[in-house]
There are 2 protein chains.
Amino acid sequence: MEIETSGALTQQCCVPRHRLTLDEIDHRLLDELQRDASRSLRVLGEKVGLSASAVQRRIDRYRSAKVLTRHVAVLDPRRTADIVLAVVLITLERESSGHHDAFRRRLLAVPEVQQAYDVAGEWDYVVLLAATGMDRHNELANHLFNDAPNVKRYTTMFVLDPLRTGTYLPTR
Amino acid sequence: MEIETSGALTQQCCVPRHRLTLDEIDHRLLDELQRDASRSLRVLGEKVGLSASAVQRRIDRYRSAKVLTRHVAVLDPRRTADIVLAVVLITLERESSGHHDAFRRRLLAVPEVQQAYDVAGEWDYVVLLAATGMDRHNELANHLFNDAPNVKRYTTMFVLDPLRTGTYLPTR
DNA sequence: TCTGAAAGTTTTCATCC
DNA sequence: GGATGAAAACTTTCAGA
């Protein structure tokens, strides 16, 4: 793995640098971390053929390059009481881009907006809503999609079964 | 927090029990764990007003009840080289449920199927595909949606900007 | 079920390769 | 970049309430 710097042992500075070049070990390590980040550095090191401290140094790099942003616990929606998941497709009125900014702010202010994507095509946004109970879902949907000023149309697909959830990204 | 058992100090057995009743502290702890699970038990305990070992015992319960299923590292798709994210809506031919089983198996065999939901309404499934590069995306889309025998129709929405990603679930 | 303390691990960090 | 080893911090376990 190389970072975009010149010099040899210099440049351990605090400015986060971007554009990491990943080697084979980085790919495997990022894969392991995305599957199960609860293992010790020593165990991860055994998986990829490095010492614990070498693993630690690489993880620090992913963090400072903001490739790896956080460690989280994942709950199973099937085992979480009263969870209503819904995929909502939204299109805004065609107008000033100010509409889009306002709509995005409104979306991102709500923690139950589990995911939100700006997409190409007939629809402008895809939102994954996670609410506890149908009443709460309706409250949120009204606030986000009915009361918001520039929503042209939207459609809601309720999730019957979350076959797979997660945030895994391939790195090659 | 209560677990569905009778008896007092008995029943530390290995059969995972379900239906946890969560108290106020559990809600706050699950919230914290979903936001940042990289903090120590002591720090988490300070957040919710418990000792480190009390926090540990509660986390063990979430795990054995399968409410909390894993700890993972989350990558930022904006910082991960060449990631192509796409939301795909799929409808299968109306026929035997065997079609659905086969289609689900095909989906879940592919690691780039980051998320998959069985949904109500006009479309049967919503899939979030995460591929490295457009070529790989097309390969996967052909395998999953063109070559698969019982796909009636599908539509692909490419993600222009992942405004929010994650797996956060509210617990109340 | 909690707290607090002892024992065992892991992480961190300085140093050398 | 990576390895090593010692110090600091963390996790695990258990006695006592």
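**Helix packing, symmetry and DNA contacts in a predicted model**

User: Which residues of α2(A) meet α3(A)?

Analyst: In this predicted model, the α3(A) side of the contact consists of A:A52, A:V55, A:Q56 and A:I59. The residues of the contact comprise six nonpolar, two polar and one charged. On the α2(A) side, the residues are A:L41, A:R42, A:L44, A:G45 and A:V48.

User: How are helix α2 and helix α3 of chain A oriented to each other?

Analyst: Helix α2 of chain A covers residues 41–48 and helix α3 covers residues 52–64, and their axes are 8 Å apart. The packing angle is about 95°. Angles of 65 to 115 degrees count as roughly perpendicular, so α2(A) is to α3(A) roughly perpendicular.

User: What is the orientation of α1(B) to α3(B)?

Analyst: Helix α1 of chain B, residues 24–35, packs on α3(B) at an angle of about 80°, with the axes 11 Å apart. The two helices are therefore, to each other, roughly perpendicular.

User: How many nonpolar residues has the contact of α1(B) with α3(B)?

Analyst: From α1(B) come B:I25, B:D26, B:L29, B:L30 and B:L33, and from α3(B) come B:V55, B:R58, B:I59 and B:Y62. Among these, two residues are charged and no residue is polar. The number of nonpolar residues is seven.

User: What kind of axis relates chain B to chain A?

Analyst: Two copies of a chain are related by a rotation about an axis and a shift along it. Here chain B is laid on chain A by a turn of 180° and a shift of 0.0 Å along the axis, with an RMSD of 0.0 Å. That relation is a two-fold axis.

User: Why do the copies meet through the same surface, and what percentage of interface residues supports this?

Analyst: The interface residues of chain B are also interface residues in chain A, so the copies meet through the same surface. The share of chain B interface residues for which this holds is 100%.

User: Which residue of chain B comes closest to the rotation axis?

Analyst: The distance is taken at the C-alpha atom, and the closest approach is 2.8 Å. The residue concerned is B:V72.

User: Which helix gives the most residues to the surface near DNA strand C?

Analyst: α2 and α3 of chain A, and α3 of chain B, each supply at least two residues of this surface. The surface residues divide into five nonpolar, five polar and five charged. The most, five residues, come from α3(B).

User: What is the distance from the side chain of B:S51 to a phosphate oxygen of DNA strand C?

Analyst: B:S51 is among the nearest of the 15 residues around DNA strand C, a group including A:L41, A:Q56, B:R57 and B:R58. For polar side-chain atoms, B:R57 lies 3.2 Å from a phosphate oxygen of the strand, and B:R58 lies 2.7 Å from one. For an N or O atom in the side chain of B:S51, the distance is 2.6 Å.

Note on methods
Residues are numbered from 1 along each chain as its sequence is written. Chains are lettered from A and ligands numbered from 1 in the order in which they are written. This is a predicted model: local features need pLDDT of at least 70, side-chain atom pairs count only at pLDDT 80 or more; totals for chains, interfaces and linings use all residues. Side-chain values use heavy atoms; hydrogens and water are left out. Axes are lines fitted to C-alpha atoms, for helices over the stretch in contact, and angles run from 0 to 180 degrees between N-to-C directions. Helices (H or I, at least four residues) and strands (E, at least two) are DSSP runs, numbered from the N terminus. Angles under 35 degrees count as roughly parallel, over 145 as roughly antiparallel, 65 to 115 as roughly perpendicular and the rest as oblique. Contact means heavy atoms within 4.5 Å. Ala, Val, Leu, Ile, Met, Phe, Trp, Tyr, Cys and Pro count as nonpolar, Asp, Glu, Lys and Arg as charged, and the others, Gly among them, as polar. Copies are superposed by least squares on the C-alpha atoms of residues with pLDDT of at least 70 in both. A residue is near a molecule or strand if one of its heavy atoms lies within 4 Å of it. A polar contact is a pair of N or O atoms within 3.5 Å; within protein, one must be able to donate a hydrogen and the other to accept it, and residues adjacent in sequence count only if both atoms are side-chain atoms.
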